[in-house]
Amino acid sequence: MDASNLNPMQQAQVAAILGPDGAQFETLISHLMSSTNEQRSEAELLFNLCKQSDPNNLIRKLAFMLQYSPHVEARAMSAILLRKQLTRENDTFLWPSLLLSTQSEVKSILINCVQKEEVKSIVKKLCDTVSELASSILSENGWPELLPFMFQCVSSENVRLQESAFLIFAQLAQYIGEMLVPYVKSLHDVFLQCLTSSGSFDVRIAALSAVINFIQCLSTSDRDRFQDLLPVMMRTLTEALNGGQEATAQEALELLIELAGTEPRFLRRQLVEVVGSMLQIAEAETLEEGTRHLAIEFVITLAEARERAPGMMRKLPQFISRLFSILMNMLLDIEDVPEWHTADTEDEDAGESSNYSVGQECLDRLAIALGGNTIVPVASDQLPAYLAAPDWQKHHAALIALAQIAEGCSKVMIKNLEQVVTMVLNSFQDPHPRVRWAAINAIGQLSTDLGPDLQVQYHQRVLPSLAAAMDDFQNPRVQAHAASAVLNFSENCTPDILTPYLDGIVSKLLVLLQNGKQMVQEGSLTALASVADSSQEQFQKYYDAVMPYLKTILVNANDKSNRMLRAKAMECISLVGMAVGKEKFRDDAKQVMDVLMSLQGSQLETDDPTTSYMLQAWARLCKCLGQDFLPYMSVVMPPLLLSAQLKPDVVITSADSDDAIDESDDESMETITLGDKRIGIKTSVLEEKATACNMLCCYADELKEGFYPWIDQVAPTLVPLLKFYFHEEVRKAAVSAMPELLRSAKLALEKGLAQGRNESYLKQLSDYIIPALVEALHKEPDTEICASMLDALNECVQISGSILDESQVKSIVDEIKQVITASSSRKKERADRANAEDFDAEEGELLKEENEQEEEVFDQVGEILGTLIKTFKASFLPFFDELSSYLLPMWGMDKTAEERRIAICIFDDVAEQCREAALKYYETYLPFLLEASNDQNPDVRQAAVYGLGVCAEFGGSVFKPLVGEALSRLNAVIAHPNALQSDNIMAYDNAVSALGKICHFHRDTIDSTQVVPAWLSCLPLKGDLIEAKVVHDQLCSMVERSDKELLGPNYQHIPKIVSVFAEILCAGKDLASEQTASRMINLLRQFQQTLPADTLSVIWSSLQPQQQLTLQTMLSS
């Protein structure tokens, strides 16, 4: 846009602002900083008009102001504005459109200002601007003067210039690391010089920042050259502390924490000294808490940097023990305040200090990072002294620590359950209520982390203890917490464990429900809900006692202070309704729904918990009532859609900016870093959004075609959320909903409920959903969600079937290639980790878990390819050809058994579905298939022998030359001494089935007098029920046509055939279809009529008495 596009008034304004009189421009800049929105918006509009009509002049004016304005704010603002216009990532990037003369003027002014500017805050902004511009143009040699200037600054005597150059180096490292490789030696010397002898802490911190950014960009060999800087880097920290400069020390700690997270191996050679210094800082009581917390954060970050330095920290048990003891000590920083005892507010953490909460969080992180084999011995060593001490704080600390480490140490703690449970339950008798609270808290946490083992082995000790704690009327907080622990316990519990205790627990919870303290009532509601959910129909006998109380609360708890109580009553009613079922709940359901409907219509405040509880309650009521719920949908859906459409409340700053998001005033803010942006998000909004999306998915799943009227609103709400990276739960819910929406539409069309719409509607919906899923899959960072997306995509393809067009199939296939490639590179990364110097058994466990998740992805790839092959048959083969270079490596013996199995299944599908069209692949794949038929892994064997059966059936003359080898391979499976063990039975059954197919389709190639009776001797099949039905049907057909090799010379195999029929018929419907069974009965009747009586009686007497009875009944009916 140039000036000619502006209207005359705008032209005049722009001309005046950019004219020779600088005052107008200064006014514009001051208005851009205005605190009144109106003035600021108008100034922004004018600024943008200037930028569009005369960018050169605008940039010159900003540069001039930066250099000459006497006003500090104006200089600062022009530095910021210049940076924005010169940042490549911004859509406002002006640099390429500027004249060469403007460009060189700006570059020289920037360098000039770095030399002249005295105000520290502006210098920082200037360095940002220089770095932004340089990051875009240095690599194309667009600013040759800059690096020499920076080297000159670094070696000058001027402290301010040294600091500026380091600040710029720090920001540029990631962009120009490559360009600086030739200067590594001189940079190293400069860094060493400054860190060793600079008298200015500012310079040393800037140099530290530059070094740390550099180390992250260098290759391993170059990084090693910087190794000798580590002692002087650490000295910056210790000298700042010794000089009482804690603010500087905290900056240094933050930089070192970054290094620990990204390049932990850089610290490896001097790990003992570095970690030792940090623990010394953490133990120094004279230092500020903030400093000590950062030193702890450094050590924990190092422990967590598992992918880059697996197992490194476990090699330092003496330090882990010291850190554990520091954290335990922090848990003692807690006061016994009256607010805790009166229990009038939710304030769980009354009396807890920031030391206490950091200690708590770090114990949890440490245990997760290092695992039970490392942490449990340390805890066993230190906790007994805390438990034995007379002061309640120590006892309390031990129990809190136990709860915190349970998640990370679960595998090891499960092996020592007796010790752990006894230790906690003994504390239920402690005289101090806060200790009893901590013991209950520990049981709750352990029920979650060590379940279901804890529930199965210790229910007879835990539940009575919790029930007794509910009687502690002097301490309502303890009572409420006991109720919450019942919730944790029952969530991991089967009805048979819970049922014997229900009478006692439900009656106590009903007593608590009538308690004066709201927190006790809320706790008992949540516990009742969970107990109902876990005991299901066993809860029916308590329904009549419980429901009246729940309805009373729902109707009467309507002032502001009772909002949470009402919300929990909703939750409880809906879970009880689901547990007891529609028949029992029906009479109360209408009344409950009416209350919910009136609440839905009222204006709830934004922070009212009722909203999210109501969303969930409606969905549960729908699950309970099924299609009877449809009349309520028009009330439920509008607010639900609004919740699902909530925009996240987001604050964005740059990841390295000083203005961190202020989290202090709102604890529901969560910060995540995406690339170079730091994003603060209000979590309550995200949680409501996630709940709503989950509920939409529930409705579609439950109501099927009944959900059809809402698809047109729900699809455009959920499809964009497949790429909602702020919250995993939102993405997961959106993914699960995709096939449900398609299924609902398809059923509505089939049942004639979609007035005026036909197949083309389903195609439109499918054309909207499937490409969106494919695109989201392409960008999905989380392996588990990738697997869910593939699963959802597979279901969508099954539902859409042949209405998918070629371009869609192509996009799915291209994405599958991507998925396989990405998965292989993740595997390689893990293999590299396994070769790291500190790799140990704990890391091996973790790798195993990650690999299992990876297998899930491959499983889904196999499933979806199977679906595409079954849907499109031979017309899919061109795509299969494209994929072959990705699939063939999966057959390799270096791959996992699961990958090999999936590769074989895909070929089996091709051979079975594409028949003649697939013959061209036999030459490539059959040798693999024969080899895999005798694989060590039974699942691989099963898939391979199944494939041999398919190839025998459809391979005709192509398979014929391989019949001999196939027979010996199958024989090896069938004749194996352990063939009938549970692991091997599926492979055995499929091998017998394949042998049957060879008998049928290649009779002329085999010695049928040997092979057919051998096949018969393996029957009946009882493991793979699908194959059993196929094979038994084949047996039936062969007897019907009097197959002579089957019946044998002189009919000598008939007794065996009758005995097989008897076993099949006595097994009910499992081993044969109804049709096959009735054919078998007819054949037995024929035998009765045609065989000599003495032969018959011999056959009959060889059957078991039960079989004789069953057959007699069948034959006579």
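**Exercise 1. At which residues does UniProt place the feature "repeat: HEAT"? Describe the backbone of each span.**

Solution. The structure is a predicted model, in which local features need pLDDT of at least 70, side-chain atom pairs count only at pLDDT 80 or more, and totals for chains, interfaces and linings use all residues. Residues are numbered from 1 along each chain as its sequence is written, and side-chain values use heavy atoms, with hydrogens and water left out.

Step 1. The unreviewed UniProt entry places the feature at residues 420-458 and 925-957; such annotations may be inferred rather than shown by experiment.

Step 2. Helices (H or I, at least four residues) and strands (E, at least two) are DSSP runs, numbered from the N terminus. Residues 420-458 are 77% helix and 0% strand, with their end C-alpha atoms 11 Å apart.

Step 3. For residues 925-957, the figures are 82% helix and 0% strand, and the end C-alpha atoms lie 16 Å apart.

**Exercise 2. Characterise the protein as a whole.**

Solution. Step 1. The secondary structure comprises 54 helices and three strands, and the C-alpha trace spans about 120 × 75 × 70 Å along its principal axes.

Step 2. Of the 1117 residues, 54% are buried, where buried means under 20% relative accessible area, exposed over 50%, and partly exposed in between (1.4 Å probe, protein chains only).

Step 3. Among contacts (heavy atoms within 4.5 Å) with a separation of 6 or more, 72% join residues 24 or more positions apart.

**Exercise 3. Which residues touch the most other members of the largest nonpolar core?**

Solution. Step 1. A nonpolar core is a set of buried Ala, Val, Leu, Ile, Met, Phe, Trp, Tyr and Cys residues joined through side-chain atoms within 4.5 Å.

Step 2. In the largest core, of 407 residues, these are Phe166, Phe169, Met233, Phe629, Tyr699, Phe707 and Phe876. Helix 21 (residues 392-415) contributes the largest share of this core, 13 residues.

Step 3. Not counting residues up to four places away in sequence, Phe876 touches Val809, Val813, Leu865, Leu868, Ile869 and Leu883.

**Exercise 4. Why is helix 8 largely enclosed by the rest of the structure?**

Solution. Step 1. The buried residues of helix 8 are Leu146, Leu147, Phe149, Met150, Phe151, Cys153 and Val154.

Step 2. Seven of the nine residues of helix 8 (residues 146-154) are thus buried, so the helix is largely enclosed.

**Exercise 5. Is Ala389 buried or exposed?**

Solution. Step 1. Ala389 lies in the loop between helix 20 (372-388) and helix 21.

Step 2. Its relative accessibility is 16%, so Ala389 counts as buried.
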